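Q: Hi! Could you walk me through this model? I have a few quick questions.

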Amino acid sequence: MRKILPRARAIVVLVIVLSAALSLSAHVGSPDVYFEGDAGPYHLFVTVRVPQVIPGVAEIQILCATSDVRAIQIVPMRLSGAGSNFPPTPDLADQSKEDPKFFTGASG
């Protein structure tokens, strides 16, 4: 009976390690950035496709949960330091004609 318990523990540990590794491998190597959250009263799903080289222009896709959003402005800015106090002029994202909840833009 004692020989079975160490094997069972080893199997449980192996399953836990493999399931953790599989869940973490989904984002490894993906340069894209994803965000799901609220911007004021609006729930947004944002995808940022980073440029291949820096400096470069990032492609941004935004999907709103509601259809009452008429315009979205995007702006690249630093999160800290002196540059965070002086953001550049925002760019206006283009609203899709087929889906009024979907916006696209580029910023760099």
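Q: Let's start with R49: is R49 buried, partly exposed or exposed?
A: R49 is partly exposed, and its relative accessible area is 32%. Just keep in mind that this is a predicted model.

Q: Thanks! And what does R49 form a salt bridge with?
A: The partner is D32. The closest N and O atoms of D32 and R49 are 2.6 Å apart.

Q: Which parts of the chain does that pair tie together?
A: D32 sits in the loop between helix 1 (4-24) and strand 1 (33-39), while R49 belongs to strand 2 (residues 42-49), so the salt bridge links parts that are 17 residues apart in sequence.

Q: How accessible is D32?
A: D32 counts as partly exposed because its relative accessibility is 21%, and buried would mean under 20%.

Q: How many salt bridges does the structure hold?
A: One salt bridge, and D32 with R49 is that pair.

Q: Okay, stepping back. How many helices and strands are in the protein chain?
A: There are one helix and seven strands. Going from the N terminus, the order of elements is α-β-β-β-β-β-β-β.

Q: What kind of sheet do the strands form?
A: Five strands make an open sheet, ordered 1-2-3-7-6, with antiparallel pairing. Strand 1 and strand 6 are the edge strands, as each pairs on one side only.

Q: How many bridges join strand 1 to strand 2?
A: Seven bridges, with the two strands running antiparallel. V33, for instance, stands opposite V48 in strand 2.

Q: And how many join strand 3 to strand 7?
A: Six bridges connect strand 3 with strand 7 (residues 102-107), and this pair is antiparallel too. In this pairing, E59 stands opposite A106 of strand 7.

Q: What about strand 6, how is strand 6 joined to strand 7?
A: By a hairpin that passes through six residues. Strand 6 (residues 94-95) and strand 7 run antiparallel, with two bridges between them. The bridge partner of Q95 in strand 7 is F103.

Q: New topic: which residues make up the largest nonpolar core?
A: That core has ten residues: L44, V46, I60, I62, C64, V69, I72, I74, A93 and F103. Strand 2 and strand 3 (58-64) each provide at least two of the core residues, and strand 3 gives the most, with three.

Q: I'd like to zoom in on V69. Where does V69 lie?
A: V69 is in the loop between strand 3 and strand 4. V69 counts as buried, with a relative accessibility of 7%.

Q: What does V69 touch?
A: Leaving out residues up to four places away in sequence, V69 touches Y42, C64, Q95, P100 and F103. Among them, C64 and F103 also belong to the largest nonpolar core. You may remember Q95 and F103 as bridge partners too.

Q: How many residues apart along the chain are V69 and P100?
A: They are 31 residues apart, and their C-alpha atoms are separated by 8.2 Å.

Q: What share of contacts join residues at least 24 apart?
A: 36%, counted among contacts in the protein chain between residues at least 6 apart in sequence.

Q: And what share of the residues counts as buried?
A: Of the 108 residues of the protein chain, 15% count as buried.

Q: Let's move to pockets. What is the volume of the largest pocket?
A: The volume is about 460 Å³.

Q: Which residues lie nearest the centre of the largest pocket?
A: V48, V75, P76, M77 and S107 do, out of 16 residues that line the pocket. Strand 3 and strand 4 (73-74) each supply at least two lining residues. V48 came up earlier, opposite V33.

Q: S107 is new to me. Where is the place of S107, and is S107 buried or exposed?
A: S107 is in strand 7. S107 counts as buried, at 7% relative accessibility.

Q: Last one: what does S107 touch?
A: Not counting residues up to four places away in sequence, S107 touches G56, V57, A58, I60, I74, V75, P76 and D91. Of these, V75 and P76 are also named among the residues nearest the pocket centre, while I60 and I74 are part of the largest nonpolar core.

Definitions and conventions:
Residues numbered from 1 in each chain as written. Predicted model: local features only at pLDDT ≥ 70, side-chain atom pairs only at ≥ 80, totals over all residues. Heavy atoms only, no water. Salt bridge = Lys/Arg side-chain N within 4 Å of Asp/Glu carboxyl O. Helix = DSSP H or I, 4+ residues; strand = E, 2+ residues; numbered from the N terminus. Buried < 20%, exposed > 50% of the residue type's maximum accessible area, 1.4 Å probe, protein only. Core = buried A, V, L, I, M, F, W, Y, C linked by side-chain atoms within 4.5 Å. Contact = heavy atoms within 4.5 Å. Pairing = 2+ DSSP bridges. 1 Å grid on protein atoms, 1.4 Å probe; cavity = no way out; pocket = protein on both sides within 12 Å on 5 of 7 lines; lining within 4 Å. Points joined across faces, edges and corners; volume = space filled by probe spheres on them.
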